[in-house]
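Take a look at the fold shown below. This report goes through its strands, its cores and its main pocket in turn.

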Amino acid sequence: MTDVKGFCEPRFEAVRAALGALLDKDDVGASAAVYVNGEPVVDIWGGYADADRSVSWERDTITGVNSTTKNMTALCALILADRGELDLSAPVAAYWPEFATAGKENVLVRHVLSHTAGLPDVSGLTAVEELYDWESVCAALAAQAPDWVPGTSAGYHALTFGFLVGEIVRRVTGRSLGEFFAEEVAEPLGADFHIGLSPEHDHRVTPLIPPPSLTDEYAATAPPGPDGASRENTGAAIRVKDANSAAWRRAQIPAVNGFGNARSVALAQSVLANGGSAGGVSLLSPQGCEPAWQEEFRGGDRVLGTPMSWTVGFGKFGNTFGWGGWGGSLVASDPDSRMTVAYVMNQMIDRDRQEDNRGTEIIMAAYSGLH
């Protein structure tokens, strides 16, 4: 059995066993973490940081977590709302005046955070490299007409979520989303998570490994539209090779290009499950956490093609809230149990070809430790 390193409280031994089983089966390298009451009870990792299985996954190994990044971007908005600097029920245009065109005057901040703003794509985007130009993407979104009446329907904002929330944060604070996250979340908590990764961390990054039998040309595809017809892609198809590139690491794409490991993901998100603080550091009030699990929209998601419950920034699943990333990473928080569980790996799985229950298995194992 693969050697699983790290710390695990005895009552959560099932999590260690679950990660070990995954590393013996589908995974190359991975990490899992559980926080309860804002404190770590599981912090484990194992396997390899490369497809050749020649370099060990270490305690400080980090990787791209794709859309698991959205949880961090949403946390930034909730912190600003809790401080009274951002009104979730105000029009986006109150902070970003250029946004009030083409029928978007009544798009609220909470619409952007709950995927109901009607801007699931950036129109006219043709190449991944265009995503690296913050100003031009935000200008395109400001000029765009919504695909539906904002607030009436939901459609997963795969890439645009980060630009929309990030530009609101920038207009309020004068800082990029990555800077705000680094200074207001990561630094106080000591969370090793980065949105916009500086070169000194490159040596710690394990590249994402394409799904079995696929190459690094494997791309994130847009799900079919509400009528079943194939949608215009979310702009440019993002391939594994793009997500593994230095240009991607340096950019600010706060919906999808965060880098971290299970420990850092769980630590940052445990704040929301634990009344606003973790490890003795308070980032927001108990009341400020509540929008994370209060349902904003329930119904069919026009992009994902499946029923969804969206809160202000998160997917809601029963008593838990959170979100996962392309390829398999995942975080879930349960405010009733004050528990947050995260799973981060380098081996991607294509859900169209193979079921991927890895993150769910880690979460279920964590729940077994609560009883």
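## An enclosed strand

In this predicted model, strand β16 covers residues 339-345. Of its 7 residues, 7 are buried, so the rest of the structure largely encloses the strand. The side chains split between two directions. M339, V341, Y343 and M345 point one way. T340, A342 and V344 point the other way. All of them are buried.

β16 has a partner in strand β2, residues 29-36. The two run antiparallel and are joined by 7 bridges. V36 has M339 of β16 as its bridge partner. Strand β15, residues 330-334, also runs antiparallel to β16, with 5 bridges. Here D334 has M339 as its bridge partner. β15 and β16 form a hairpin with 4 residues between the strands. In that hairpin, R338 takes a positive phi near 55°.

## From β13 to β15

β14 is mostly covered as well: 5 of its 5 residues are buried. T320, G322 and G324 lie on one side, F321 and W323 on the other. Both faces are covered.

What joins β13 to β14? Strand β13 (residues 315-317) runs antiparallel to β14, and 3 bridges link them. One bridge partner in β14 is G322, which pairs with G315. The hairpin of these strands has 2 residues between them. G318, in the turn, has a positive phi of about 65°.

β14 also pairs with β15, in the antiparallel sense, over 4 bridges. F321 stands opposite S333 in β15. This hairpin has 5 residues between the strands. G327 takes a positive phi near 105° there.

## A three-stranded sheet

Strands of a sheet pair through backbone hydrogen bonds, either parallel or antiparallel. An open sheet of 3 strands shows antiparallel pairing, in the order β4-β8-β5. Why do β4 and β5 each have one side without a neighbour in the sheet? β4 (63-64) and β5 (194-195) stand at the edges with a single partner strand each, so one side of each stays without a neighbour.

β5 pairs with strand β8, residues 258-260, over 2 bridges. I195 has G258 in β8 as its bridge partner.

## The nonpolar cores

The largest nonpolar core holds 84 residues. L113, L189, L272 and L284 have the most contacts inside it. Helix α2, residues 69-82, gives the largest share, 8 residues. Apart from this core lies another, of 25 residues. Among its members are F12, A30, A332 and M339. M339 is also one of the buried residues of β16.

Which residues does L189 touch, leaving out those up to four places away in sequence? They are L267, A268, V271, A278, V281 and L283.

## The largest pocket

Rolling a probe the size of a water molecule over the atoms shows where empty space is left. The largest pocket has a volume of about 1,200 Å³. Its lining takes in 42 residues. Closest to the centre are Y156, L304, G325, W326 and R351.

Four elements give two or more residues to this lining: β6 (219-220), β12 (306-310), β14 (320-324) and α11 (358-368). The largest share, 5 residues, comes from α11. β14 is thus named here too, and its 5 residues are buried.

How do the lining residues divide into nonpolar, polar and charged? There are 24 nonpolar, 13 polar and 5 charged residues.

Technical notes: Residues numbered from 1 in each chain as written. Predicted model: local features only at pLDDT ≥ 70, side-chain atom pairs only at ≥ 80, totals over all residues. Heavy atoms only, no water. Core = buried A, V, L, I, M, F, W, Y, C linked by side-chain atoms within 4.5 Å. Buried < 20%, exposed > 50% of the residue type's maximum accessible area, 1.4 Å probe, protein only. Contact = heavy atoms within 4.5 Å. 1 Å grid on protein atoms, 1.4 Å probe; cavity = no way out; pocket = protein on both sides within 12 Å on 5 of 7 lines; lining within 4 Å. Points joined across faces, edges and corners; volume = space filled by probe spheres on them. Nonpolar A, V, L, I, M, F, W, Y, C, P; charged D, E, K, R; others polar. Pairing = 2+ DSSP bridges.
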